[in-house]
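Dear colleague,

Please find below the structure that I am handing over to you. An account of what was found in it follows.

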Amino acid sequence: MGKSISTRGVCAWYGAQLTLKGIDMSIDANQVTAIIGPSGCGKSTFIRCLNRLHETVSGARVEGSIRVGDVDIREIDPVDVRRMVGMVFQKPNPFPTLSIYDNVALGLRLGGIRAKSELAQRVEHSLRLAALWDEVKDRLYAPATALSGGQQQRLCIARALAVEPDVLLMDEPASALDPVSTHRIEELVEALKGTFTVVIVTHNMQQAARIADKTAFFLNGELVEFGETTQVFTTPSDKRTEDYITGRFG
Ligand SMILES: Nc1ncnc2c1ncn2[C@@H]1O[C@H](COP(=O)(O)OP(=O)(O)O)[C@@H](O)[C@H]1O
Ligand SMILES: [Mg+2]
């Protein structure tokens, strides 16, 4: 089941450059939250703080509190954080030397699941969740790289879901895909909501409007506006949000 996320005073730096300037955000469990904003405003940096990837960049630093459910993720082992908070990136990045099956099974094996039948059942479940099962069930042992870009992205989603995270972070997961694959990812996100908490960065405002319950608008490392998606797009409360969604900049 998904968990809520609560950030308080989250600041992030790359070296001396302050990139996130105190983000306070309460993200509901089991909903889809979209993050929009112009390039370079800190969207990726923010979601990379939510699974402690930001700090893996040399010279990078984070301050503030980040809670997933009732756990402060900055106080536990990053390996455990990444089990709770899965991530999918812009460019599909399956393990190229592994089969479709092993891409999904790897995290389960690392988590200590050895029994073949349990592995097979959880791999199938994850591939079904990612709406990929029917397309791959007859070639599970083919290399992941034999799949199309859109299928590879759904494989990456299956891989992320296999370890049953509470939160799924997606950083522009469809922006490298064709329109049909994009549509499938959007349908998938809608289907996952209710079971997982999804936070999706998108530069596509129509996409945010289609799939997100709530939308956050970031600008210059600040959270300018955060509310119900329909409200943000129809009656934004901040002039800067209005300017952005009406295409005046960005
Ligand atoms: N690895 C990095 N090293 C130094 N600066 C970075 C790095 N990644 C991002 N930045 C800078 O941080 C700011 C926010 O970037 P990012 O979070 O990627 O924005 P967005 O995802 O909204 O386009 C930008 O000014 C960007 O240049
Ligand atoms: Mg980005």
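With 250 residues, a compact globule would be expected to have a radius of gyration near 18 Å, and the protein agrees with this because its own value is 18 Å. Please note that this is a predicted model. Along the principal axes, the C-alpha atoms occupy a box of roughly 55 × 40 × 30 Å. The protein contains 10 helices and 10 strands. Of its 250 residues, 45% are buried. Among the contacts with a separation of 6 or more, 68% join residues that are 24 or more positions apart.

Helix packing

Two packed helices are described by the angle between their axes and by the distance between those axes. Two such pairs are set out here, and helix H4 belongs to both.

The first pair is formed by helix H3, residues 100–110, and helix H4, residues 116–129; their axes come within 9 Å and cross at roughly 115°. H3 is therefore roughly perpendicular to H4. The crossing of H3 and H4 is right-handed. On the side of H3, the contact is made by Tyr101, Val104, Ala105 and Leu108, and on the side of H4 by Leu119, Arg122, Val123, Ser126 and Leu127. By class, the contact of H3 with H4 has 7 nonpolar residues, 1 polar and 1 charged.

It may help, when viewing these positions, to recall that an α-helix has 3.6 residues a turn, so residues three or four places apart point the same way.

The second pair is H4 with helix H6, residues 149–162, which pack at an angle of about 130° with their axes 8 Å apart. This angle makes H4 oblique to H6. The crossing of H4 and H6 is right-handed. Here Arg122, Val123, Ser126, Leu127 and Leu129 in H4 meet Ala158, Leu161 and Ala162 in H6. The residues of the contact of H4 with H6 divide into 6 nonpolar, 1 polar and 1 charged. Arg122, Val123, Ser126 and Leu127 of H4 thus appear in the contact with H3 and also in the contact with H6.

The surroundings of H3

Which residues of H3 are buried? They are Ile100, Asn103, Val104, Ala105 and Gly107. Of these, Val104 and Ala105 also take part in the contact with H4. The cover over the buried residues of H3 includes H4, helix H5 (133–136) and H6. H3 is followed by Gly112, which has a positive phi near 100°.

Two residues with positive phi

Two residues in loops also deserve a look. Asn30 is not a glycine, yet its phi is positive, near 60°. This residue lies in the loop between strand E2 (17–27) and strand E3 (32–36). Asn30 counts as partly exposed because 17 other C-beta atoms lie within 10 Å.

Arg52, likewise not a glycine, has a positive phi of about 65°. Its place is in the loop between helix H1 (43–49) and strand E4 (60–68). Is Arg52 buried or exposed? Arg52 counts as buried, because it has 20 C-beta neighbours inside 10 Å, and 20 or more is the number required.

With kind regards

Key:
Residues are numbered from 1 along each chain as its sequence is written. Chains are lettered from A and ligands numbered from 1 in the order in which they are written. This is a predicted model: local features need pLDDT of at least 70, side-chain atom pairs count only at pLDDT 80 or more; totals for chains, interfaces and linings use all residues. Helices (H or I, at least four residues) and strands (E, at least two) are DSSP runs, numbered from the N terminus. The radius of gyration is taken over C-alpha atoms; the globule rule is 2.2 Å times the number of residues to the power 0.38. A residue is buried if 20 or more other C-beta atoms lie within 10 Å of its own, exposed if 12 or fewer, and partly exposed in between; C-beta atoms are placed from the backbone. Two residues are in contact if their C-beta atoms, placed from the backbone, lie within 7 Å. Axes are lines fitted to C-alpha atoms, for helices over the stretch in contact, and angles run from 0 to 180 degrees between N-to-C directions. Angles under 35 degrees count as roughly parallel, over 145 as roughly antiparallel, 65 to 115 as roughly perpendicular and the rest as oblique. A crossing is left-handed if the near helix is turned anticlockwise from the far one by less than a right angle, and right-handed if clockwise. Ala, Val, Leu, Ile, Met, Phe, Trp, Tyr, Cys and Pro count as nonpolar, Asp, Glu, Lys and Arg as charged, and the others, Gly among them, as polar.
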